[in-house]
Structures are given as C-alpha cells and as structure tokens.
Amino acid sequence: MFSMHTYTLSRELDAGPAVADVTQDLKRCLAESGVTCGIVQLFVTGSTGSITTVEYESGVVEDLKRSITEMAPTERVYAHEMAWQDGNGHSHVQAAIIGPSLSIPVRKGRMTLGTWQQVVVINHDISSRTRKIEVTIQGS
C-alpha cells in the first residue's frame, strides 16, 4: 500500500560554508516510515542553504568548501549587497548553484546511495544558522 510520511530535521551550522552529514537521520526516518520501495525527497528551507551528496570525509569536505567559495567569492561585488548592505550576496549565489532539494530512490528499504555517498546540508550564510530539512518519504 502506498504511503507518505513527513519529517523535519534541524542542524545547527556555523557561518558558511559549513557542511553537516544528515545521512543517519534520513536512515532513521526511512526505517520509521516502513517504506521499502519509493523515494526520499529533501528540501532545505531558506535562500542561503543547500543540500547535496558527497563523500563526507574531511579532505572532500574542505575541497567542497574551497570550491564553493571560489564559485561565488565573498570579496566580489554583488547587487544584492548594494541593495541590502547585509554582506551575504555570495551566500545566496552559492546556495542557488548547489540547490535546495534532492531526491533519492528507495529500494529494498534502503536509500540507493553509493558506498561513499552521504547526504549533506550546507549553510552558506555569513552567520550561524539552524537549517531545517523537510523530508517527504513516499512509496510502499
């Protein structure tokens, strides 16, 4: 029988780019849902947060942070900052490039992540933030 389950995860993150692994929390949500075939859909609320997958290992995390900063450097002039003077124009651009959502297929009661693939939430803002991840699990 088809079912749908919703959860909200929260992560306290330092000023960005800050990265946190949420894979184990998602596994708990999936187990609780009882869905064995379907999809896990994720959405980060807020225009300066994003979600993706990566090998959550210190070297890769540092490489990711450096690459994010290189894509939209803090020292660049942003129209957003000229309008609002809040210093986080780069945060919005970084988050938009990576994106706020992710879908993961579920097969045999497990997310179909690769061996070294974890789900991470990223705070791009200039201040620490509590990032909320809306989780929807659908399937049978």
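Helices here are DSSP runs of H or I with at least four residues, and strands are DSSP runs of E with at least two, numbered from the N terminus. With that in hand, let's work through this predicted model in a few exercises.

**Exercise 1. Find how many helices and strands the protein chain has, and the order in which they come.**

Step 1. Counting the elements gives four helices and eight strands.

Step 2. Reading along the sequence gives the pattern β-β-α-β-β-α-α-α-β-β-β-β.

Step 3. For the overall dimensions, take the C-alpha trace along its principal axes: about 55 × 30 × 20 Å.

Step 4. Now look at how the chain meets itself. Among contacts with a separation of 6 or more, 84% are between residues 24 or more positions apart.

Step 5. Finish with the surface and the charges. The chain exposes about 7500 Å², and carbon and sulfur atoms supply 53% of that area. The 12 positive and 15 negative charges have mean positions 9 Å apart.

**Exercise 2. Work out which residues of the largest nonpolar core touch the most other members, and which elements build this core.**

Step 1. Start from burial: of the 140 residues in the protein chain, 41% are buried.

Step 2. The largest nonpolar core has 23 residues, and those touching the most other members are L26, V40, L42, V119, I133, V135 and I137.

Step 3. Map this core onto the fold. Two or more residues come from each of β1 (3-13), β2 (18-21), α1 (23-33), β3 (38-44), β5 (101-107), β7 (118-123) and β8 (129-139).

Step 4. A separate core of seven residues lies apart from this one, and V19, V54, L64 and I122 are among its members.

Step 5. Zoom in on V119. Setting aside residues up to four places away in sequence, V119 touches A20, D21, V22, T23, L26, L42, I51, T52, T53, L102, I104 and L113.

**Exercise 3. Identify the buried residues of helix α4 and the elements they pack against.**

Step 1. Helix α4 covers residues 89-98, and its buried residues are G89, H90, S91, Q94 and A95.

Step 2. A reminder helps with this spacing: an α-helix has 3.6 residues a turn, so residues three or four places apart point the same way.

Step 3. The partners of the buried α4 residues are β4 (49-54), α2 (58-71) and α3 (79-84).

Step 4. Just beyond the helix comes G99, with a positive phi near 105 degrees.

**Exercise 4. Explain why C29 and C37 form no disulfide with each other.**

Step 1. The tally for the structure is zero disulfides.

Step 2. The cut-off needed here is a sulfur-to-sulfur distance within 2.5 Å.

Step 3. For C29, the closest cysteine sulfur is that of C37, 19 Å away, so the pair is too far apart for a bond. Starting from C37 leads back to C29, again at 19 Å.

Step 4. Compare their surroundings: C29 is buried, at 7% relative accessibility, whereas C37 is partly exposed, at 39%.

**Exercise 5. Locate the cis peptide bond, then the residues that have a positive phi although they are not glycines.**

Step 1. The cis peptide bond joins G16 and P17, with omega about -5 degrees. P17 sits in the loop between β1 and β2.

Step 2. Q85 is not a glycine, yet its phi is positive, about 50 degrees. This residue belongs to the loop between α3 and α4, and Q85 is exposed, with a relative accessible area of 61%.

Step 3. K108 is likewise not a glycine and has a positive phi of about 50 degrees. The loop between β5 and β6 (110-111) holds K108, which is exposed at 81% relative accessibility.

**Exercise 6. Describe the settings of P105 and S33.**

Step 1. P105 is in strand β5 and is partly exposed, with a relative accessible area of 34%.

Step 2. P105 and V40 are 65 residues apart in sequence, but their C-alpha atoms are 6.3 Å apart in space.

Step 3. Beyond residues up to four places away in sequence, P105 touches G38, I39, R110, M111 and T112.

Step 4. S33 is found in helix α1, and at 8% relative accessibility S33 counts as buried.

Step 5. Leaving aside neighbours within four places in sequence, the contacts of S33 are H5, Y7 and I137. I137 also appeared in Exercise 2, among the core residues that touch the most other members.

Key
Residues numbered from 1 in each chain as written. Predicted model: local features only at pLDDT ≥ 70, side-chain atom pairs only at ≥ 80, totals over all residues. Heavy atoms only, no water. Buried < 20%, exposed > 50% of the residue type's maximum accessible area, 1.4 Å probe, protein only. Contact = heavy atoms within 4.5 Å. Areas by Shrake-Rupley, 256 points an atom, 1.4 Å probe, with all protein chains shown as cover. Lys, Arg positive; Asp, Glu negative; His and termini not counted. Charge placed at Lys NZ, Arg CZ, Asp CG, Glu CD. Core = buried A, V, L, I, M, F, W, Y, C linked by side-chain atoms within 4.5 Å.
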